[in-house]
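Trainee: Got a minute to go through the charged pairs and the cysteines with me? I'd like to see the reasoning behind each call.

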Amino acid sequence: MTDRYAVFGNPIGHSKSPRIHALFAAQTGQDISYQAVLAEKDGFAAAVGAFIAAGEGPARGANVTLPFKEEAFRLATRRTARAEAAGAVNTLSFEQDVMIGDNTDGAGLVRDLKHNLGCDPAGRRILLLGAGGAARGVILPLLLERPAELLIANRTEETAARLALEFARLPACAGEPRPDGTGFAGLAGRQFDLVINATSAGLSGASLPLPPCVFGPRCVAYEMVYGRETAFMAQARGAGARVADGLGMLVEQAAEAFFIWRGVRPRTAPVLAALRSSS
Ligand code: ATR
């Protein structure tokens, strides 16, 4: 019997996850099926329940994307420390009577930075733009890499300050660099080695009021959005930064989920290359 997996979202039509996991399965010789499921906005739990109940083989797990990551967090009967810190779940594992919720987004970002981009966060001055769900999901994994500094900057300063304080007080962050929060105005005269855009501005075409000085010498500018050249990417390029989009993070978070489910770590470089050549 083939083990079954799925990704739940709304919308879900353009999800690359089924293709990524099919490539991982072929590469590692794992017998799995992986489908995309469009859940109604108020029907996430029901859709997961229906997926588990129906089908030929046993349902073993699921990925969760927008807008259901917070709901998946609540649905999970057990959660990993990184899911707790993120306040969101993107990977569910179904075992007997428990539903384990994990979050692989931050690990995916860190792995993309370290292994694909040669940009180890250790010792770097990091600027994280945004204080919503996407930013929250990567703070703990970034802090655990021991950057020299992590500054969270957000349009609404208060949200950044609150988020930074929350992580500074988190027991899991004890001994790690203390994150700070600011508004965009607080970036004047500041310089960083790694600037990560976790705002959703790229999706609406909006640009961010960033002083060019934030992109320090040999700076890497990371845009979590993929599939388009955003205003942030253009800004960073103009300031001389090396620019990366979020496609590597997408593939790496999927590889981490695959590893959790199957105990095998797929090679991501050929999958990333396949996605890039067909986009
Ligand atoms: P996500 O889950 O993608 O993080 P979110 O929780 O709605 O989505 O958060 C969106 C983030 O993008 C927020 O940090 C938001 O800033 P505010 O807290 O001030 O709303 C940021 N954002 C969205 N559009 C933006 C824009 N045009 N300029 C600057 N920041 C923007």
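Mentor: Sure, and one definition up front: buried means under 20% relative accessible area, exposed means over 50%, and partly exposed is in between, with a 1.4 Å probe and protein chains only. Keep in mind that this is a predicted model, where local features need pLDDT of at least 70, side-chain atom pairs count only at pLDDT 80 or more, and totals for chains, interfaces and linings use all residues. Side-chain values use heavy atoms, with hydrogens and water left out, and residues are numbered from 1 along each chain as its sequence is written.

Trainee: Is Asp3 buried or exposed?

Mentor: The call rests on relative accessibility, which is 12% for Asp3. That value is under the 20% cut-off, so Asp3 counts as buried.

Trainee: How many salt bridges does the structure hold?

Mentor: Each one needs a side-chain nitrogen of Lys or Arg within 4 Å of a carboxyl oxygen of Asp or Glu. Asp3 and Arg60 meet that way, at 3.1 Å from N to O. In total, the structure holds 16.

Trainee: Which helix does Arg262, the salt-bridge partner of Asp3, lie in?

Mentor: The side chains of Arg262 and Asp3 meet at 2.8 Å, N to O. Asp3 sits in strand β1, so this pair ties together parts 259 residues apart in sequence. Helices (H or I, at least four residues) and strands (E, at least two) are DSSP runs, numbered from the N terminus. On that numbering, Arg262 belongs to residues 247-262, helix α10.

Trainee: How far apart in sequence are the parts that Asp245 and Arg276 tie together?

Mentor: Their side chains form a salt bridge at 3.0 Å, N to O. Asp245 is in the loop between β12 (242-244) and α10, while Arg276 is in helix α11 (residues 269-278), so the parts tied together are apart by 31 residues.

Trainee: And is Arg276 buried, partly exposed or exposed?

Mentor: Asp245, its partner, is buried, with a relative accessible area of 15%. Arg276 has a relative accessibility of 41%, so the call there is partly exposed.

Trainee: How many disulfides does the structure hold?

Mentor: The criterion is a pair of cysteine sulfur atoms within 2.5 Å. The sulfur of Cys213 is 11 Å from the closest cysteine sulfur, in Cys219, which is too far for a bond. For Cys219, the closest cysteine sulfur is in Cys119 at 8.2 Å, again too far. The count of disulfides is zero.
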